[in-house]
2 protein chains.
Amino acid sequence: MGEFLNLKSVAQAREILREFEPVDVETVNLQEADGRVCATDIRAREDMPSSARAAMDGYAVRAKDTFGASDAVPSFLRVRGSVPMGDVFPDSVGAGEAVGISTGGVVPLGADAVVMVEYTSEGEGDELEIHKGVAPGENVIRPAEDIRKEDVVIPAGRRLRPQDVGALAAFGIPQLTVYRRPRVAILSTGNEIVAPTETPRPGQVRDVNQYALAAQAKKDGACVLLGGVARDDAAEIAARCAGLLEQSDMLILSGGSSVGVRDLTASVLEGLGAEILFHGISVRPGKPTILSRVGKKPVLGMPGVPVSALVIYDMFVRPLTWRMGGERDREEWPARVKARMTRRVPSVAGREDYLRVRLISRNGETWAEPIMGGSAIISTMLKANGYVVIPSHAEGVAEGEDVEVLRFCG
Amino acid sequence: MGEFLNLKSVAQAREILREFEPVDVETVNLQEADGRVCATDIRAREDMPSSARAAMDGYAVRAKDTFGASDAVPSFLRVRGSVPMGDVFPDSVGAGEAVGISTGGVVPLGADAVVMVEYTSEGEGDELEIHKGVAPGENVIRPAEDIRKEDVVIPAGRRLRPQDVGALAAFGIPQLTVYRRPRVAILSTGNEIVAPTETPRPGQVRDVNQYALAAQAKKDGACVLLGGVARDDAAEIAARCAGLLEQSDMLILSGGSSVGVRDLTASVLEGLGAEILFHGISVRPGKPTILSRVGKKPVLGMPGVPVSALVIYDMFVRPLTWRMGGERDREEWPARVKARMTRRVPSVAGREDYLRVRLISRNGETWAEPIMGGSAIISTMLKANGYVVIPSHAEGVAEGEDVEVLRFCG
């Protein structure tokens, strides 16, 4: 019952969730590094580039040989060949000379600038006309201009993006230390819950949360262990939990939509030696969420109602999964959209509400349409593409009110 | 050379890219369905809920027995037990009677509403006080109110999100037809390119694109085949391409930063019987991108400069990977942020420019700071967290100008 819960505010719950530590680390090869979280700062092993390189296709020259060149009064240089890709030009560039060069090519000794090919034209024999002067250093990437040796290229705690993987390749880092993927075990509980392969009898429902929560945790970089469905029996749940905890870093219990079962979950947790960190958050949906700790491992009691479980995962468990996977300071909702509410939705002060909304366009304006239906209505999550948060000090949102939508990203 | 390219506009290039078809389909189990793309519309196999269910914890009652109830003048009912979770109440609810019920429980015959537990108090023996009347249907989810049998729950072409996987579980769909993951082969070319495990000699550089492009394609749901590095030799490249094409649905050639090599790539493609669809897009960076087709398979020649390759992937290849993986109408940039430019960046009319920018906060305003440095500067992509697109009709963006930033998501 609500009355017996020791409710935490959203801020308090988040603070408590930040106490958990990342799991240990392992070594992976470059080819498997994408999407993993760096466990150490990656520093550049050398200057990049190590020698001056052309930033454009064209000709390496001495800049002063081109001063004042224009279409009307071109400079004339003599082409001495070109820089071979993958090698260096074997000679230096003298006064009045030019050497063909492609983007990325090593600028030969003697040259201090590159004239873009667009501003040149080939004349008779090895003659080259320059139609636009260049300043010293123009179109040249200086040694270490891109990245200096020992610079931090990728900070510890970052989940590696494609460009980060590219940087690892550029610096010749064939292996690196990353956080192990946290192992998240999920156990559904409830006498009314049957596996998706079964046909429910009247009063029964198929297990939704195990699969939805597994998909959420996998998306956040975890390895998932599906624990199956336990009946509402303290001994059975406790035995299964003990087994799952041995094999995992985090345990999620889903279920307990009925009053008696909530008490059951709490008593099972106490039997496991779990320290209860909170039992209840001042939110809707998902109020009766339980967080406890067994040793270093979080054990969560999630609401059995599917929409509540999805929302609580999005709002509270995702940052925990990220943190245990080693991510630091990752922004939870990079896609925030300003919109106006299509209709009024009341709330209750003292409670943070997570409205499921759909973004729609009306006369060029973006509107947030709340998907009506309580947390027992699973289609609300299928139709939604974001949340509107009604803060705990507000008593709802008004029709036409400006809101910020936290969009689901991909 | 730019002069010899047959440049397409961005709109033309995108139009041509839309001609490619999705790969074939396969069957997966529910447990492996997350992140896969549905190949058929998934329809509800039954009404949900199949019978009336409680939307709240409380008591199932006949609404008219509670009419006018208030704190001052409560209604008094007699509790007849409670609905067991996972089963149905064996009797019907008569006049003046109430049956305890949890969220999700099947509303017993005779009852037509649920009084929230918060508005009740238990009296002597089986007596229950009701402090607030309910209307018929209140706190009850009607049969089929959530989803009606035969409704499309998940449309074909959607990449399955956690909530979609939950819906599949709810409807007892243990297997489903999804698009096969497209196989993307990547071959780096260039005499100057060495593997990341090697120490480059002067003039050489390590292969960045193979690993960065692989990470991009994997993120977009593809299986990646790393083809290694080929030297600038038409026969070698052609032989490797032929082998890779046999094993893949799409082939990406990366390289050809030098003029001669671009021509080499084009001639190799023609030798493979590839139909060249375009050679060059009016963009910066990445102008000399080649798209061709061998049978039904796209073969792309991507710029060798790492930043250009990353940008061209983001802007043109990602939607192609999605399409070939069966996705329909997915929004490319769900995270768009309004910001102001910290400085002027010139451009050239007739060309679309993709600026790498970093979002920063200044006096509560969001600003987009362009990361200076050309496409040869790999650190520009490490520092950036989004793009600003300068449209082809503009000659740049002004300092302080309002722009939209396409943010990198996650």
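## Exercises on strand pairing and helix packing

In this predicted model, 5 bridges link β13 (residues 183-189) of chain B with β17 (residues 250-254) of chain B, and the two strands run parallel.

**Exercise 1.** State which residue of β17(B) is the bridge partner of A185(B), then place both strands in their sheet and find its edges.

*Solution.* The bridge partner of A185(B) is L251(B). The sheet is open, has 6 strands with mixed pairing, and follows the order β16-β13-β17-β21-β20-β18 in chain B. At its edges stand β16 (223-230) and β18 (275-279) of chain B; each has a single partner strand, so one side of each lacks a neighbour in the sheet. From one strand to the next, the twist averages 15 degrees.

**Exercise 2.** Identify the strands that α4 and α6 of chain B touch or lie across.

*Solution.* Helix α4 (residues 234-246) of chain B packs on the sheet and touches β13, β16, β17, β20 (290-294) and β21 (297-302) of chain B. The direction of α4 makes about 165 degrees with that of β16(B). Helix α6 (residues 306-324) of chain B lies across β13, β17 and β21 of chain B, at about 175 degrees to β21(B).

**Exercise 3.** Classify the packing of α3(A) against α6(A) by angle, handedness and residue type.

*Solution.* Helices α3 (residues 209-219) and α6 (residues 306-324) of chain A pack at about 25 degrees, with axes 10 Å apart. Angles under 35 degrees count as roughly parallel, so α3(A) is roughly parallel to α6(A). Their crossing is right-handed. Contact residues include L213(A) and Q216(A) in α3(A), and L310(A) and Y313(A) in α6(A). The residues of this contact comprise 7 nonpolar, 3 polar and no charged.

Terms used: Residues are numbered from 1 along each chain as its sequence is written. Chains are lettered from A and ligands numbered from 1 in the order in which they are written. This is a predicted model: local features need pLDDT of at least 70, side-chain atom pairs count only at pLDDT 80 or more; totals for chains, interfaces and linings use all residues. Two strands pair if DSSP finds at least two bridges between them. Helices (H or I, at least four residues) and strands (E, at least two) are DSSP runs, numbered from the N terminus. Axes are lines fitted to C-alpha atoms, for helices over the stretch in contact, and angles run from 0 to 180 degrees between N-to-C directions. Two residues are in contact if their C-beta atoms, placed from the backbone, lie within 7 Å. Angles under 35 degrees count as roughly parallel, over 145 as roughly antiparallel, 65 to 115 as roughly perpendicular and the rest as oblique. A crossing is left-handed if the near helix is turned anticlockwise from the far one by less than a right angle, and right-handed if clockwise. Ala, Val, Leu, Ile, Met, Phe, Trp, Tyr, Cys and Pro count as nonpolar, Asp, Glu, Lys and Arg as charged, and the others, Gly among them, as polar.
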